[in-house]
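Thank you all for coming; I would like to walk you slowly through one structure today. Please have the picture open while I talk, and stop me if a residue is hard to find.

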Amino acid sequence: MTTHNEFSRCVAQYDPHALPVSAAQAITRQWATPVATVERVALRDALDRVLASDIVSPIDVPSHDNSAMDGYAFNGTALTSGAPSVELSVVGKALAGHPFAGRVEAAQCVRVMTGACVPQGCDTVVPQELVERSADSTSIRFAADAVQPGANRRLAGEDLARGHAALRAGRVVRASDLGLLASLGIGEINVRRRLRVAFFSTGDELRSLGEPLDPGSVYDSNRYTLFAMLRRLNVDTLDFGVIRDEPAALEAALRSAAASADVVLTSGGVSVGEADFTRQLLQTFGDVAFWSLAMRPGRPLAFGRVWSGERPGLGLPALFFGLPGNPVAVMVTFYQIVREVLLLMSGATPQPLPLIHAASLRPIRKRAGRTEFQRGIAVQNASGQWQVTPTGSQSSGVLSSMSEANCFIVLGHEEGDIAEGERVSIMLFHGLI
Ligand code: AMP
Ligand code: MG
């Protein structure tokens with residue numbers, strides 16, 4: 001079991017008030033231990049689950065050499081006799097699911113349909129549109145250069161070879177994988193249990209849907225965004241509602257969340273003034289690794305661990321992310337910091353999110369020394385190049401900027417102002433949000 005000290009020591013070499021995003025990602029990744037429990041599920045329940053072990057192919061797919069075309073199967077040596085044309089007698093036929101039983105000799109061929117087994121003695125298929133048939137269809141003739149020896153034959157095992165890993169542990173199962181597993185005759189697979197993520201919002205100003213909005217209050221939107229983002233990752237969600245800005249209520253919520261979840265996400269209550277309060281509270285029954293990032297939006301972000309017991313080490317632990325309260329900051333910190341940790345803890349092997357180069361159609365103000373994730377609208381011009389325009393307001397409270405945008409404009413830690421036409425990196429929402 002890791003100690004309290006190890007947790008706080010991992011940030012020792014950085015300014016704890018301005019941890020670079022890449023350092024924060026490296027630290028959080030380090031604490032992401034995959035869930036150990038494995039479940040066996042039927043194929044139809046496996047979509048979006050994480051494979052717990054490699055799938056080794058028990059058979060060759062396809063199981064036999066078969067024809068890729070409707071045509072005639074024969075032995076390719078017939079093509080190399082030097083004669084300008086080849087004449088073969090048709091000795092039978094093979095359909096998909098109905099193989100030709102006999103052996104095919106030189107100067108013979110078999111009528112084959114796509115997917116039919118290539119008969120014994122044959123290694124080549126000439127497509128039907130390249131042959132001339134005799135009037136009684138008992139023989140065919142075609143140019144010797146119409147096909148190469150071995151053409152139009154799909155080899156046994158060319159899709160999946162017996163004994164080889166068809167899919168690797170850590171893979172998040174996709175639609176093609178369900179079909180691939182079925183093609184191997186596999187109807188059940190081992191997956192990791194779903195990660196359990198508890199979340200709640202903090203703030204005396206927050207109202208839940210259905211409640212009236214009194215002056216100064218706002219509807220709690222973060223729990224809905226968080227629910228949706230978690231749902232996309234196929235984790236189990238535990239909604240603990242809205243918690244008032246009271247240390248006792250907050251502590252009780254954090255401890256009961258730690259008792260039932262692997263990860264606890266909160267929003268609000270970590271910005272300047274409130275940060276110390278969260279930190280002090282966490283230090284009584286948890287550990288804090290960092291609480292401030294060189295990132296915009298998302299500067300106030302606490303990361304640590306909470307325990308269900310009264311002190312660190314007592315009861316059950318859960319990783320803790322104290323996300324900012326501002327609705328855009330919640331989404332940005334979730335995608336840039338939390339998402340990868342949740343995938344790793346789910347047992348998945350996450351791929352880095354692709355960054356694309358785009359020309360900025362507007363100048364962008366940016367301060368060096370922090371990573372910014374502005375919201376942008378990206379389009380491809382007629383020659384295929386990406387161009388991006390920042391959405392109007394970049395305020396971290398303006399959630400409509402997320403709905404309007406189709407990408408993050410990722411401005412690196414060292415980057416300064418961007419001139420019109422200058423190249424920037426974008427991260428498309430497609431497939432992510
Ligand atoms: P805080 O980090 O608690 O200071 O909150 C920063 C800003 O985000 C404030 O304007 C809050 O009203 C707002 N905010 C905090 N939590 C939520 C929430 N769950 N839904 C909508 N807005 C929120
Ligand atoms: Mg608050």
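**Where domain 1 meets domain 4**

Let me begin with a count that may catch your eye: between domain 1 and domain 4 there are zero salt bridges. Please keep in mind throughout that what you see is a predicted model.

To place these two parts, the domain assignment of the chain gives domain 1 as 4–37 + 197–345, domain 2 as 41–61 + 160–192, domain 3 as 66–154 and domain 4 as 356–428. The C-alpha centres of domain 1 and domain 4 lie 27 Å apart, and across the boundary 15 residues of domain 1 are in contact with 16 residues of domain 4.

What, then, is found between domain 1 and domain 4 in the way of polar contact? There are five residue pairs in polar contact, counting those in which both residues have pLDDT 80 or more. On the side of domain 1 that touches domain 4, strand E19 (286–296) and helix H7 each supply at least two residues, and H7 gives the most, with seven residues.

Turning to area, about 1,300 Å² is buried between domain 1 and domain 4, and carbon and sulfur atoms give 68% of that. Three residues, Arg296, Val328 and Gln336, supply 43% of the area that domain 1 buries against domain 4, which is more than any other three residues.

Now to the interior. The largest nonpolar core has 50 residues, and the members that touch the most others are Val263, Leu265, Phe290, Phe321, Phe334, Leu342 and Phe408. Helix H7, residues 327–345, provides the largest share of this core, with twelve residues. Because domain 1 and domain 4 both give residues to the core, it lies between them. Elsewhere there is a second, separate core of 20 residues, including Ala198, Phe200, Leu250 and Trp291.

Phe408 deserves a pause: leaving aside neighbours within four places in sequence, its contacts include Val332, Tyr335 and Gln336, as well as Phe373, Met402 and Phe429.

Finally, I would like to show you one residue in a loop, Ser217, which sits between strand E15 (206–207) and strand E16 (218–219). Is Ser217 buried or exposed? Its relative accessibility is 10%, so Ser217 counts as buried, the cut-off for that being under 20%. The side chain of Ser217 reaches the backbone oxygen of Asp214 at 2.5 Å, and, residues up to four places away in sequence not being counted, Ser217 touches Glu205 and Arg207.

Notes. Residues numbered from 1 in each chain as written. Chains lettered and ligands numbered in written order. Predicted model: local features only at pLDDT ≥ 70, side-chain atom pairs only at ≥ 80, totals over all residues. Heavy atoms only, no water. Helix = DSSP H or I, 4+ residues; strand = E, 2+ residues; numbered from the N terminus. Buried < 20%, exposed > 50% of the residue type's maximum accessible area, 1.4 Å probe, protein only. Polar contact = N/O pair within 3.5 Å; in protein donor to acceptor, adjacent residues only side chain to side chain. Contact = heavy atoms within 4.5 Å. Core = buried A, V, L, I, M, F, W, Y, C linked by side-chain atoms within 4.5 Å. Domains from an automatic or database assignment. Buried area = accessible area lost by both parts, 1.4 Å probe. Salt bridge = Lys/Arg side-chain N within 4 Å of Asp/Glu carboxyl O.
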